Amino acid sequence: MIKKWYIQIPELSGELQRRAYIYLPDDWHTAGRRYPVMYMFDGHNVFFDSDATFGKSWGMGEYMDRTGKQLIVVAIECNHEGNKRLEEYSPLDFNLPDSSCIHGRGREYMEWLVNTLKPYIDAHYPTLPDREHTSICGSSMGGLMALFAVCQYNHIFQKAACLSPSFWVSKNKVLDIVSSAYLNEDTCVYIDYGSVELPNHAPSSEALISVARLLLTRHINVALRIIPGGTHSEISWERQIPQFMEYLSL
(Lines give C-alpha, C1' and ligand atoms only; values in the text may rest on other atoms or scores of the structure.)
Protein backbone atom coordinates (compact mmCIF):
# COMPACT_ATOMS: atom_id res chain seq x y z
CA MET A 1 0.00 0.00 0.00
CA ILE A 2 1.06 3.59 -0.62
CA LYS A 3 0.25 6.42 1.75
CA LYS A 4 0.47 10.03 0.59
CA TRP A 5 0.50 13.19 2.70
CA TYR A 6 1.83 16.75 2.64
CA ILE A 7 4.89 18.06 4.44
CA GLN A 8 6.94 21.22 4.74
CA ILE A 9 10.72 21.66 4.86
CA PRO A 10 11.02 25.03 6.64
CA GLU A 11 14.81 25.07 6.40
CA LEU A 12 14.63 25.01 2.60
CA SER A 13 11.25 26.23 1.43
CA GLY A 14 9.38 27.79 4.34
CA GLU A 15 5.67 26.97 4.31
CA LEU A 16 5.66 25.44 0.82
CA GLN A 17 3.66 22.21 0.81
CA ARG A 18 5.09 19.20 -0.97
CA ARG A 19 3.92 15.63 -1.26
CA ALA A 20 5.44 12.78 0.71
CA TYR A 21 4.89 9.12 -0.12
CA ILE A 22 5.55 5.87 1.70
CA TYR A 23 5.20 2.34 0.37
CA LEU A 24 4.43 -0.27 3.02
CA PRO A 25 3.96 -4.03 2.65
CA ASP A 26 0.24 -4.77 2.90
CA ASP A 27 0.53 -6.60 6.23
CA TRP A 28 3.00 -4.18 7.80
CA HIS A 29 0.77 -3.44 10.81
CA THR A 30 0.04 -7.11 11.62
CA ALA A 31 3.18 -8.98 10.51
CA GLY A 32 5.08 -8.25 13.70
CA ARG A 33 8.32 -7.58 11.86
CA ARG A 34 10.51 -4.66 10.90
CA TYR A 35 11.62 -3.64 7.43
CA PRO A 36 14.61 -2.11 5.63
CA VAL A 37 14.01 1.37 4.22
CA MET A 38 14.92 3.00 0.91
CA TYR A 39 14.71 6.79 0.58
CA MET A 40 14.10 8.18 -2.92
CA PHE A 41 14.35 11.63 -4.47
CA ASP A 42 11.74 13.18 -6.81
CA GLY A 43 8.98 11.40 -4.94
CA HIS A 44 6.26 12.69 -7.27
CA ASN A 45 7.81 10.58 -10.06
CA VAL A 46 8.17 7.36 -8.07
CA PHE A 47 4.68 5.85 -7.72
CA PHE A 48 1.87 7.53 -9.64
CA ASP A 49 1.70 8.55 -13.31
CA SER A 50 -0.90 11.15 -12.34
CA ASP A 51 1.65 12.94 -10.10
CA ALA A 52 4.69 12.55 -12.37
CA THR A 53 6.17 15.58 -14.09
CA PHE A 54 5.96 14.06 -17.57
CA GLY A 55 3.00 11.75 -16.96
CA LYS A 56 5.09 8.60 -16.40
CA SER A 57 6.32 7.37 -13.03
CA TRP A 58 8.84 4.69 -12.10
CA GLY A 59 5.94 2.37 -11.24
CA MET A 60 7.73 1.50 -8.01
CA GLY A 61 4.53 0.45 -6.25
CA GLU A 62 3.64 -2.04 -8.97
CA TYR A 63 7.15 -3.49 -8.85
CA MET A 64 7.00 -3.86 -5.08
CA ASP A 65 3.57 -5.51 -5.19
CA ARG A 66 4.59 -7.83 -8.03
CA THR A 67 7.78 -9.02 -6.35
CA GLY A 68 6.55 -9.01 -2.75
CA LYS A 69 9.67 -7.17 -1.60
CA GLN A 70 9.68 -6.70 2.17
CA LEU A 71 10.87 -3.12 2.06
CA ILE A 72 9.58 0.33 3.01
CA VAL A 73 10.10 3.03 0.36
CA VAL A 74 9.95 6.71 1.34
CA ALA A 75 9.86 9.31 -1.44
CA ILE A 76 9.64 13.11 -1.13
CA GLU A 77 8.54 15.50 -3.87
CA CYS A 78 11.07 18.07 -5.05
CA ASN A 79 10.62 21.84 -5.03
CA HIS A 80 9.35 22.76 -8.51
CA GLU A 81 9.83 26.53 -8.22
CA GLY A 82 12.33 27.90 -10.74
CA ASN A 83 15.78 26.35 -10.13
CA LYS A 84 14.94 25.25 -6.59
CA ARG A 85 15.14 21.57 -7.50
CA LEU A 86 18.66 22.05 -8.82
CA GLU A 87 19.61 23.90 -5.63
CA GLU A 88 18.15 21.30 -3.27
CA TYR A 89 19.55 18.37 -5.22
CA SER A 90 23.13 19.58 -5.48
CA PRO A 91 25.72 19.59 -2.70
CA LEU A 92 27.87 21.81 -4.95
CA ASP A 93 27.70 25.25 -6.49
CA PHE A 94 27.83 25.06 -10.27
CA ASN A 95 27.04 27.00 -13.43
CA LEU A 96 24.36 26.13 -15.96
CA PRO A 97 25.11 26.34 -19.71
CA ASP A 98 23.60 29.84 -19.73
CA SER A 99 26.22 30.81 -17.08
CA SER A 100 23.65 31.28 -14.33
CA CYS A 101 24.94 30.06 -10.98
CA ILE A 102 23.23 27.38 -8.91
CA HIS A 103 23.91 27.64 -5.20
CA GLY A 104 23.83 24.05 -4.01
CA ARG A 105 21.81 23.35 -0.87
CA GLY A 106 22.10 19.58 -1.00
CA ARG A 107 23.86 19.40 2.35
CA GLU A 108 20.98 21.29 3.97
CA TYR A 109 18.53 18.93 2.31
CA MET A 110 20.38 15.87 3.60
CA GLU A 111 20.59 17.33 7.10
CA TRP A 112 16.80 17.61 7.02
CA LEU A 113 16.39 14.07 5.66
CA VAL A 114 18.76 12.53 8.22
CA ASN A 115 17.77 14.56 11.27
CA THR A 116 14.05 15.18 10.70
CA LEU A 117 12.53 12.86 8.10
CA LYS A 118 14.32 9.63 9.04
CA PRO A 119 13.61 9.95 12.79
CA TYR A 120 9.94 10.59 11.95
CA ILE A 121 9.74 7.48 9.72
CA ASP A 122 11.55 5.35 12.30
CA ALA A 123 9.21 6.54 15.05
CA HIS A 124 5.96 5.96 13.14
CA TYR A 125 6.67 2.79 11.14
CA PRO A 126 8.29 -0.60 11.87
CA THR A 127 11.67 0.10 10.32
CA LEU A 128 15.08 -1.45 10.73
CA PRO A 129 16.76 1.91 11.38
CA ASP A 130 20.39 0.81 11.34
CA ARG A 131 22.83 1.63 8.54
CA GLU A 132 22.86 -1.91 7.15
CA HIS A 133 19.15 -1.66 6.38
CA THR A 134 19.02 1.91 5.05
CA SER A 135 19.55 2.81 1.39
CA ILE A 136 19.03 5.81 -0.88
CA CYS A 137 18.17 6.15 -4.56
CA GLY A 138 17.76 8.87 -7.17
CA SER A 139 18.05 9.74 -10.83
CA SER A 140 19.66 12.69 -12.59
CA MET A 141 20.30 15.33 -9.89
CA GLY A 142 18.82 12.81 -7.45
CA GLY A 143 21.51 10.37 -8.58
CA LEU A 144 24.17 12.92 -7.67
CA MET A 145 22.50 13.34 -4.28
CA ALA A 146 22.39 9.60 -3.70
CA LEU A 147 26.17 9.42 -4.19
CA PHE A 148 26.67 12.43 -1.91
CA ALA A 149 24.44 10.85 0.74
CA VAL A 150 26.21 7.49 0.80
CA CYS A 151 29.59 9.24 0.98
CA GLN A 152 28.94 12.02 3.46
CA TYR A 153 26.38 10.13 5.55
CA ASN A 154 27.90 6.69 5.31
CA HIS A 155 27.05 6.09 8.96
CA ILE A 156 23.38 6.31 7.92
CA PHE A 157 23.31 4.74 4.43
CA GLN A 158 25.07 1.53 3.44
CA LYS A 159 23.72 1.40 -0.13
CA ALA A 160 22.99 3.85 -2.95
CA ALA A 161 21.53 3.62 -6.44
CA CYS A 162 22.56 6.47 -8.76
CA LEU A 163 20.71 6.39 -12.09
CA SER A 164 21.82 8.80 -14.83
CA PRO A 165 23.61 10.81 -12.13
CA SER A 166 24.44 14.45 -12.84
CA PHE A 167 28.16 14.17 -12.15
CA TRP A 168 28.62 16.69 -14.99
CA VAL A 169 27.97 19.59 -12.59
CA SER A 170 31.64 19.33 -11.57
CA LYS A 171 33.62 16.14 -12.02
CA ASN A 172 36.49 17.31 -9.81
CA LYS A 173 34.23 18.39 -6.95
CA VAL A 174 32.32 15.10 -7.15
CA LEU A 175 35.61 13.22 -6.96
CA ASP A 176 36.56 15.34 -3.94
CA ILE A 177 33.34 14.21 -2.22
CA VAL A 178 34.27 10.57 -2.78
CA SER A 179 37.97 10.90 -1.92
CA SER A 180 37.39 12.82 1.32
CA ALA A 181 34.60 10.62 2.66
CA TYR A 182 34.93 8.00 5.35
CA LEU A 183 33.58 4.89 3.63
CA ASN A 184 33.03 1.53 5.23
CA GLU A 185 34.18 -1.24 2.92
CA ASP A 186 30.72 -2.88 2.96
CA THR A 187 29.29 0.16 1.14
CA CYS A 188 27.50 -0.68 -2.13
CA VAL A 189 27.03 1.84 -4.94
CA TYR A 190 25.12 1.15 -8.16
CA ILE A 191 25.62 3.60 -11.05
CA ASP A 192 24.13 3.45 -14.53
CA TYR A 193 23.63 5.66 -17.57
CA GLY A 194 21.67 5.22 -20.78
CA SER A 195 23.55 4.74 -24.04
CA VAL A 196 21.19 7.14 -25.84
CA GLU A 197 21.58 9.95 -23.30
CA LEU A 198 25.35 9.58 -22.89
CA PRO A 199 26.37 11.32 -26.16
CA ASN A 200 24.21 14.29 -25.14
CA HIS A 201 26.11 14.64 -21.86
CA ALA A 202 29.74 14.29 -22.96
CA PRO A 203 31.23 15.34 -19.59
CA SER A 204 29.28 12.52 -17.94
CA SER A 205 31.22 9.72 -19.64
CA GLU A 206 34.57 10.71 -18.15
CA ALA A 207 32.98 11.53 -14.80
CA LEU A 208 31.23 8.15 -14.56
CA ILE A 209 34.46 6.26 -15.20
CA SER A 210 36.44 8.47 -12.81
CA VAL A 211 33.94 8.09 -9.98
CA ALA A 212 33.66 4.32 -10.41
CA ARG A 213 37.46 3.96 -10.55
CA LEU A 214 37.89 6.01 -7.39
CA LEU A 215 35.26 3.99 -5.54
CA LEU A 216 37.07 0.80 -6.59
CA THR A 217 40.41 2.11 -5.35
CA ARG A 218 38.69 2.75 -2.03
CA HIS A 219 37.60 -0.93 -1.98
CA ILE A 220 33.92 -0.07 -2.29
CA ASN A 221 31.47 -2.46 -3.95
CA VAL A 222 30.47 -0.63 -7.13
CA ALA A 223 28.57 -1.50 -10.28
CA LEU A 224 28.78 0.71 -13.38
CA ARG A 225 26.39 -0.13 -16.22
CA ILE A 226 25.73 1.51 -19.58
CA ILE A 227 22.16 0.64 -20.54
CA PRO A 228 21.69 -0.20 -24.25
CA GLY A 229 18.96 2.08 -25.56
CA GLY A 230 18.64 3.78 -22.18
CA THR A 231 17.32 7.33 -22.09
CA HIS A 232 17.06 10.11 -19.51
CA SER A 233 13.50 9.22 -18.54
CA GLU A 234 11.33 7.52 -15.95
CA ILE A 235 10.41 4.75 -18.38
CA SER A 236 14.09 3.87 -18.77
CA TRP A 237 14.82 4.10 -15.03
CA GLU A 238 11.81 1.89 -14.29
CA ARG A 239 13.39 -0.87 -16.36
CA GLN A 240 16.51 -0.77 -14.18
CA ILE A 241 14.67 -1.28 -10.88
CA PRO A 242 15.21 -5.08 -10.86
CA GLN A 243 18.91 -4.57 -11.64
CA PHE A 244 19.77 -2.17 -8.83
CA MET A 245 17.48 -3.89 -6.34
CA GLU A 246 19.28 -7.19 -6.99
CA TYR A 247 22.72 -5.59 -6.81
CA LEU A 248 21.90 -3.86 -3.54
CA SER A 249 20.29 -7.05 -2.19
CA LEU A 250 16.99 -5.33 -1.50
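1. Let me start with helix α4, keeping in mind that this is a predicted model. The helix runs over residues 106–124, and at 1.5 Å a residue its 19 residues should span 27 Å. The C-alpha atoms at its ends are 25 Å apart, which agrees with that expectation.

2. α4 isn't straight, though: there is a bend of about 35° at Leu 113. Leu 113 is also among the buried residues of this helix. The others on that list are Gly 106, Tyr 109, Met 110, Trp 112, Val 114, Leu 117, Lys 118 and Ile 121. Lys 118 is the one I'd look at on screen, as it is listed as buried too.

3. Next, helix α5, residues 141–152. Its 12 residues should span 16 Å at 1.5 Å a residue, and the end C-alpha atoms are indeed 16 Å apart, so the two values agree.

4. What about the surroundings of α5? Here 11 of the 12 residues are buried, so the helix is largely enclosed by the rest of the structure. The buried set opens with Met 141, Gly 142, Gly 143, Leu 144 and Met 145, and carries on through Ala 146, Leu 147, Phe 148, Ala 149, Val 150 and Cys 151.

5. Strand β7 covers residues 134–139, and Ser 135 sits in it. With a relative accessibility of 1%, Ser 135 falls under the 20% cut-off and therefore counts as buried. Once neighbours within four places in sequence are set aside, Ser 135 has contacts with Val 37, Met 38 and Tyr 39, and also with Phe 157, Lys 159 and Leu 250.

6. Gly 43 belongs to the loop that links β3 (37–40) and α2 (60–67). Loop or not, Gly 43 is buried, its relative accessible area being 0%. Not counting residues up to four places away in sequence, Gly 43 touches Tyr 21, Ala 75, Ile 76 and Glu 77. As for Gln 70, which is 27 residues from Gly 43 along the chain, the C-alpha atoms of the two are separated by 19 Å.

7. Finally, the surface. Ile 209, Leu 224 and Ile 226 make up a nonpolar patch there, and together they have about 240 Å² of accessible area. Ile 209 comes from helix α7, residues 202–217. Its relative accessibility is 42%, which lies between the 20% and 50% cut-offs, so Ile 209 counts as partly exposed.

Definitions and conventions
Residues are numbered from 1 along each chain as its sequence is written. This is a predicted model: local features need pLDDT of at least 70, side-chain atom pairs count only at pLDDT 80 or more; totals for chains, interfaces and linings use all residues. Side-chain values use heavy atoms; hydrogens and water are left out. Helices (H or I, at least four residues) and strands (E, at least two) are DSSP runs, numbered from the N terminus. The expected span of a helix is 1.5 Å times one less than its number of residues. The bend at a residue is the angle between axes fitted to the seven residues ending there and the seven starting there. Buried means under 20% relative accessible area, exposed over 50%, partly exposed in between (1.4 Å probe, protein chains only). Patches are made of residues with over 30% relative accessible area and no salt bridge: like charges are joined within 9 Å, nonpolar side chains (Val, Leu, Ile, Met, Phe, Trp, Tyr) within 5 Å. Accessible areas come from the Shrake-Rupley method with a 1.4 Å probe; for residues, only the protein chains shown count as cover. A salt bridge is a side-chain nitrogen of Lys or Arg within 4 Å of a carboxyl oxygen of Asp or Glu. Contact means heavy atoms within 4.5 Å.
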